Amino acid sequence: MTSSPVKVLYIDDEENNLLAFKASFRRQYEIYTAISAAEGLKILQNISVEVIIADQKMPETTGVEFFKSISRNYPDPIRILLTGYTDITALADAINHGDIYRYITKPWNDLELHNSIKNAHDAYKAKIDLRNKVRELEKTNDELNRFIYSISHELRAPLVSVIGIVNLVKMEGLFNSSGEYWELIESCSVKLDYYIQKTLQYYKNNKNLSDKAEINFPKLVDEIILEYSPNDLDTKFNVSINQTEPFYGDTFRIEVILGNLISNAIKYQKEEAVTKLVDISIHVSMISAEIIIKDNGLGILNEHLDKIFTQFFKAKNNKGSGLGLFIVKEALNKIGGTISVSSAVNQGTTFKINIPNAS
């Protein structure tokens, strides 16, 4: 099977040059010629050319100006500039804007120009191949994400049923009737449910959709504390929220951010501590929400502070999945927020978050 000839568009205001070019290369390429930039644009609108050659010195529109004008609507064709004189400023400008593949001086050498067109076509094919591969990877990644979401969602339903059965066993006073088996079932089920929830959070956060709504921080924080605070852990919460301005943002991502940070503040308390504290301070303005979440728990080693937002990073005493803080960071990136952390071992950790007000 023979491949189609390379489609080349040559633009020059001198008709003799157009005729000479066509005579030299008509057997090697599919040639289109235009005597002005406007005529060249009409050809581009109807023919998918792969290489464009334009003369720099044209009366109405220079070659560089033409390349700039088509860069948005026709980014794929590879550009070659012909110049019959030394115009360093124009060449530097074209190269800096990425508008030309290379330039050739006039009068051209047929072999040099032929090799340039051939190399330009190779660059064109590489560009198209790369784009196609990126699209294939994006499609595969999207399908994988949807598969993971679907599996995680389906797994959670029977798991919730198992946890419900364990709770019924507790209500009937049979939890300790079989040694440690029921406790082991509960522990494994809760841990698996935690991993599944983090996987679902990761999937939803990866989607570019944004749910802009008004955020009531006092209500949201109360709901999160109620959800994440275990009954058997005596943690005291000091909550100070100053919200006199309306705040708009991505409800899901803000809930994920606060949920993960408050959950961690509870989870990494010192078991032997008499007083377990979590301080939550939020100040809302028309510009942003400044959030500080501070605990007096185990703390984080200095050498780990620059790694805690890395996917699957887990310290030796880490009780989580290594996804929580990574998801927090990714969620903040999606909504234009920032986060910083300071910590001291056995003294506690402080996270400071800034979330822009999207009102």
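Modeller: Before we start, one definition: two strands count as paired if DSSP finds at least two bridges between them. Also keep in mind that this is a predicted model.

Biologist: Fine. How do you know that β10 pairs with β12?

Modeller: Eight bridges join β10 to strand β12 (residues 348-356). The cut-off is at least two, so the two strands pair. They run antiparallel, and within the pairing Ala289 of β10 stands opposite Ile355 in β12.

Biologist: And what makes β9 and β10 a pair?

Modeller: Same test: strand β9 (residues 276-284) and strand β10 (residues 288-295) are joined by seven bridges, and at least two are needed, so they pair. Their directions are antiparallel too. Val284 stands opposite Ala289 in β10, and β9 and β10 make a hairpin with three residues between them.

Biologist: What holds paired strands together in general?

Modeller: Strands of a sheet pair through backbone hydrogen bonds, either parallel or antiparallel.

Biologist: Which strands form the open sheet, and in what order?

Modeller: Five of them, in the order β2-β1-β3-β4-β5, with parallel pairing. Neighbours in this sheet are turned by 20 degrees against each other on average, ignoring direction.

Biologist: Why are β2 and β5 called edge strands?

Modeller: β2 (30-34) and β5 (102-105) each pair on one side only. For β2, five bridges join it to β1 (residues 7-11); with at least two required, that is a pairing, so β2 does have a partner. One of the bridge partners is Glu30 in β2, matched with Lys7.

Biologist: What packs on the sheet?

Modeller: Helix α5 (residues 110-171), which touches β1, β3 (51-55), β4 (78-83) and β5. Its direction makes about 155 degrees with that of β4.

Biologist: Phe147 is in that helix α5. Why is Phe147 called exposed?

Modeller: Its relative accessible area is 51%. Exposed means over 50%, so Phe147 qualifies.

Biologist: Which residues form a nonpolar patch on the surface?

Modeller: Leu144, Phe147, Ile148, Ile151 and Leu155, with about 450 Å² of accessible area together.

Biologist: Last one, Lys334 in helix α9 (residues 324-335). Why is Lys334 called partly exposed?

Modeller: Lys334 has 36% relative accessibility. Buried is under 20% and exposed is over 50%, so 36% lands in between and Lys334 is partly exposed.

Biologist: How far is the C-alpha atom of Lys334 from that of Arg253?

Modeller: They are separated by 8.5 Å, although the two residues are 81 residues apart along the chain.

Conventions:
Residues numbered from 1 in each chain as written. Predicted model: local features only at pLDDT ≥ 70, side-chain atom pairs only at ≥ 80, totals over all residues. Heavy atoms only, no water. Helix = DSSP H or I, 4+ residues; strand = E, 2+ residues; numbered from the N terminus. Axes fitted to C-alpha atoms, helices over the stretch in contact; angles between N-to-C directions. Contact = heavy atoms within 4.5 Å. Patch = residues over 30% accessible without salt bridge, like charges linked within 9 Å, V, L, I, M, F, W, Y side chains within 5 Å. Areas by Shrake-Rupley, 256 points an atom, 1.4 Å probe, with all protein chains shown as cover. Salt bridge = Lys/Arg side-chain N within 4 Å of Asp/Glu carboxyl O. Buried < 20%, exposed > 50% of the residue type's maximum accessible area, 1.4 Å probe, protein only.
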